[in-house]
Amino acid sequence: MSSVDNFLSLADAPGDTLADLLRLAARIKAEGPDPALLAGKQVSLLFLNPSLRTRTSMEFAATSQGAHVVTLAPGADAWRVELESGVVMDGDAAEHLTDAVRVLSEMADLVGVRTFAGMRSLAEDRDEPVLTAIAAESSVPVVNMESALDHPLQTLADLLTMQEELGEDLSSVPVTLTWAPHPKPLPMAVTAAFLRGAARMGMDVRVVSPPEFALPDALITDARGILPGTGSISVHHDRNEALSGTRVVYAKAWGSVQHAPYEGDAGEQIDGQAARMAARDWCVTDETLQCGDEPIFLHCLPVRRNVVVSDGVLDGAHSRVVQEAGNRLHTARAVMARILGGA
Ligand code: CP
């Protein structure tokens, strides 16, 4: 099976392929799935990190189209796996991820994998060593269910939600991707994936954060590199400026490259915990949204209420987070229908 059958990143998907996939998801949402499309197919889902939305949507996406699914959580209901290559496995892990993927792909027609950021080095995470190894070892298509610096299934649902609200053509639509406070330094997978997806659609993306939580230049440069000729990516530290006239406020917490976990990538270190707490007023509130042009509010969920976003926004008229999460199902169905069902 060639790598073109994998679904690893929207960075690999040309704009017309992405547009087709979104149209397929919209059609499946409107008409319902074909319950026999994937009859006889076997899907194996491997979660190395917890999940509510991804697991549910992927399982329902497969079963509602006739496939059979086995979901495994190594360390909980399957053997704990080792991720490093070339190590002496005399610790807790009973099985190497390489062997697990080889075996699962021997039995299944599609393997979905959720890994996580190594958080030792941004350069290493950008190389996606675990996901790349999985794709290399699998003899069947691999779907990225979140990796070190990507979450394309989430972004598909984000894009579908924006199309439903703002029209199919998202080119030059202003969207503000705002950093939000969080007790923990979270990885940048959703952030980087959203940036890629919005860039692919030619949106005008304003990325805003306190200076110490600026996204790495490499992620901005990568996204600019896939703009289709329309759209832009601009970087801000003044939130009102970035929100002015925006149609979408997408909130996400992420850690800084200036402190651990990415210690060593930057010369200047900061106390990340103290900096995150000092920026608590970056919580998205009704007042925040007033700077935009009647913006919709999006977040991938799970979300920390009254830290990342206020109850008022999350439960209010601007919020589309439940619709967004529901679209995880329709977009996951489209991905499986395309890979396994030839749709
Ligand atoms: N947004 C998202 O991927 O949610 P889960 O972690 O619950 O799957």
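The legends below describe close-up views of the ligand site and of the two domains in a predicted model.

**View 1. The ligand in its pocket.** The ligand of this predicted model sits in the largest pocket, where the residues that surround the ligand are S51, L52, R53, T54, R114, H151, Q154, C300, L301 and R328. Sorted by class, this shell consists of three nonpolar, four polar and three charged residues.

**View 2. Polar atoms facing the ligand.** On the side of the ligand's oxygen atoms, an N or O atom in the side chain of R53 is 2.9 Å from an oxygen atom of the ligand, and a polar side-chain atom of R114 likewise lies 2.9 Å from an oxygen atom of the ligand. L301 takes part through its backbone, a polar atom of which is 2.8 Å from a nitrogen atom of the ligand. Of the 260 Å² of accessible area that the ligand has on its own, 93% is covered by the protein.

**View 3. The two domains.** The protein is divided into domain 1, made up of 10-150 + 328-340, and domain 2, which spans 153-324. Their C-alpha centres lie 25 Å apart, and the contact between the domains takes 35 residues from domain 1 and 34 residues from domain 2.

**View 4. The ligand and the domains together.** Both domains contribute to the shell around the ligand, which draws at least three residues from domain 1 (10-150 + 328-340) and at least three from domain 2 (153-324). Among the residues of this shell are R53, R114 and L301, and the polar atoms shown for them belong to the side chain in R53 and in R114, but to the backbone in L301.

Definitions and conventions. Residues numbered from 1 in each chain as written. Predicted model: local features only at pLDDT ≥ 70, side-chain atom pairs only at ≥ 80, totals over all residues. Heavy atoms only, no water. Near = heavy atom within 4 Å. Polar contact = N/O pair within 3.5 Å; in protein donor to acceptor, adjacent residues only side chain to side chain. Areas by Shrake-Rupley, 256 points an atom, 1.4 Å probe, with all protein chains shown as cover. 1 Å grid on protein atoms, 1.4 Å probe; cavity = no way out; pocket = protein on both sides within 12 Å on 5 of 7 lines; lining within 4 Å. Sits in = over half its atoms within 2 Å of the grid points. Nonpolar A, V, L, I, M, F, W, Y, C, P; charged D, E, K, R; others polar. Domains from an automatic or database assignment. Contact = heavy atoms within 4.5 Å.
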